Amino acid sequence: MPDGTGYAEIAAYYRQQIQDGHLKPGERMPSLRDVRDRFGVAQTTANRAYRVLKQQGLTLPQAGVGTVVAGPASENISARVLRHAETGKALGSGETSRILEIGTIGADELIAPRLDVAPGTPVHVRRRVVSRSNVPVHYSSSYYPAYVIAVTPELTEPVSTGGSRELAAERLGVAQDHVLEEVTSRLATEPEKLALGLTAGDVVVTQVLRTVYLSDGRVVEVAVKVAGGATILRWSTPLR
C-alpha cells in the first residue's frame, strides 16, 4: 500500500482477506504491532482499523489469543443491495450462487399471504445455495409474483442474474423501499441438509423469512433463507 495509508484502507485490506478465505474463521489476526510495522502507521491507526473490522462483525476478541476471524456469516439483504449499487454485483468476494431448482408452484400458507395471493396461486420459485470459498453458507428459496416474472423472464432460466430484485425493480421502474425479515429456528428438511452439507439426523437451522417491498407498496420478492447453526446471520442497522 502507498505511503499515508489510513485505517479505512487497512480495514478494507483485511476484510478482503477474510472474504477471500485467506484468513479463515477462528484464525488469529496479525497483532497490532505487525499491522503497524507492515503498513508503516501509528498504533492508533492500527487500533482504529481493527475496531472497524470488529464493528462489521468480521473479527472477535478471544481471551489469551488476541483478535480472531469470526465464524462463517450470511449477510442480510441491505448489505447486498448496497453492494449491488456500488459494484453491480450482489454477491461478495469469494461467494458463488448455484441454482438448484427453478419452476412454478402453488403458494403455500407461509408464502401466499406475504405475496398477497390466495393459497395455491401459481408463483415462480428459484432455489439456490450460496457458498463462500466453496463452503455452503445458506440455502435460499425466492418466490416471485406474476408481474415480476412478466418483466424479468430471465428469472425463469437456471442462471444467476447477479441481482434478481434489482433487475426486477429496474424493469418495473420502482425502487426497492424496505424489507421485513422474520427470524425463527426449526428442523432442516432433507433438501436443505443436502444443500448445506449437514449430516446429522435432526439438525436445527435458522430460517429468515424476508418480504421485500417496492416504494409503491408492491412486493418484489418473498424469500426463505436457511443457514446451519455454525453460520452467523449478520446485519447492522443505523440508529441515527
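Here are some questions and answers about a predicted model, working from its values to the labels used for them.

Q: Why is the Y13 and F39 pair called edge-to-face?
A: The ring centres are 5.7 Å apart, and the planes sit at 70°. Pairing asks for centres within 6.5 Å, and edge-to-face asks for planes over 60 degrees apart. Both conditions hold, so edge-to-face is the label.

Q: What makes this a link between distant parts of the chain?
A: Y13 belongs to helix α1 (residues 7-19) and F39 to helix α2 (residues 32-39), and the two are 26 residues apart.

Q: Why does Y13 count as partly exposed, and why does F39 count as buried?
A: For Y13 the relative accessible area is 23%, and for F39 the relative accessibility is 12%. Buried means under 20%, exposed means over 50%, and partly exposed is what lies in between. So F39 goes in the buried class, while Y13 ends up partly exposed.

Q: What makes Y14 and F39 an aromatic pair, and which kind is it?
A: Centre to centre they are 6.0 Å apart, with 80° between the planes. Set against the 6.5 Å limit for pairing and the 60 degrees for edge-to-face, that gives an edge-to-face pair. Y14 is in helix α1 and F39 in helix α2, 25 residues apart. Y14 is buried, as is F39.

Q: Which residues do ring pairs link into a cluster?
A: Y13, Y14, F39 and Y50. The count of aromatic pairs comes to 4.

Q: How do you know that T59 is buried?
A: Its relative accessible area is 3%, and the buried class takes anything under 20%, so T59 qualifies. T59 is found in strand β1 (residues 59-62). Leaving aside neighbours within four places in sequence, T59 has contacts including I18, M29, Y50 and V69.

Q: What makes the approach of the T59 side chain to K54 a polar contact?
A: The T59 side chain reaches the backbone nitrogen of K54 at 3.4 Å. The cut-off for a pair of N or O atoms is 3.5 Å, so the distance fits.

Q: Why do R127 and E101 count as a salt bridge?
A: Their side chains meet at 3.1 Å, N to O, and the rule asks for a distance within 4 Å, so the pair passes. R127 lies in strand β5 (residues 122-132) and E101 in strand β4 (residues 95-106), so parts 26 residues apart in sequence are tied together. R127 counts as buried because its relative accessibility is 16%, against a limit of 20%. E101 has 36%, so it is partly exposed. The whole structure has 11 salt bridges.

Q: How do you know that R165 and E221 form a salt bridge?
A: N to O, the side chains come to 3.1 Å, which fits the 4 Å rule. R165 lies in helix α7 and E221 in strand β9 (residues 219-228), so the bridge ties together parts that are 56 residues apart in sequence. Both R165 and E221 are buried. E166 also forms a salt bridge with R165, with the closest N and O atoms 4.0 Å apart. These residues belong to a network of salt bridges linking R165, E166, R210 and E221.

Q: What makes helix α7 mostly covered?
A: Of its 9 residues (164-172), 7 are buried. Among them are S164, L167 and L172. Just after α7, G173 takes a positive phi of about 75°.

Q: How do you know that R218 sits over the ring of Y147?
A: R218 lies over the ring face, at 5.1 Å from the ring centre. The distance limit is 6 Å, and 5.1 Å meets it.

Q: Which residues touch the most other members of the largest nonpolar core?
A: I111, L115, Y143, V222 and V224, out of 19 residues in that core. Strand β9 gives the most to this core, with 4 residues. Leaving aside neighbours within four places in sequence, L115 is in contact with V123, Y143, P145, V219 and V222. A second, separate core has 16 residues, including A11, Y14, A49 and Y50.

Note on methods: Residues are numbered from 1 along each chain as its sequence is written. Side-chain values use heavy atoms; hydrogens and water are left out. Buried means under 20% relative accessible area, exposed over 50%, partly exposed in between (1.4 Å probe, protein chains only). Rings of Phe, Tyr and Trp (its six-membered ring) pair if their centres lie within 6.5 Å; planes under 30 degrees apart count as stacked, over 60 as edge-to-face and the rest as tilted. A charge sits over a ring if NZ of Lys or CZ of Arg is within 6 Å of the ring centre and within 35 degrees of the ring normal. A polar contact is a pair of N or O atoms within 3.5 Å; within protein, one must be able to donate a hydrogen and the other to accept it, and residues adjacent in sequence count only if both atoms are side-chain atoms. Contact means heavy atoms within 4.5 Å. A nonpolar core is a set of buried Ala, Val, Leu, Ile, Met, Phe, Trp, Tyr and Cys residues joined through side-chain atoms within 4.5 Å.
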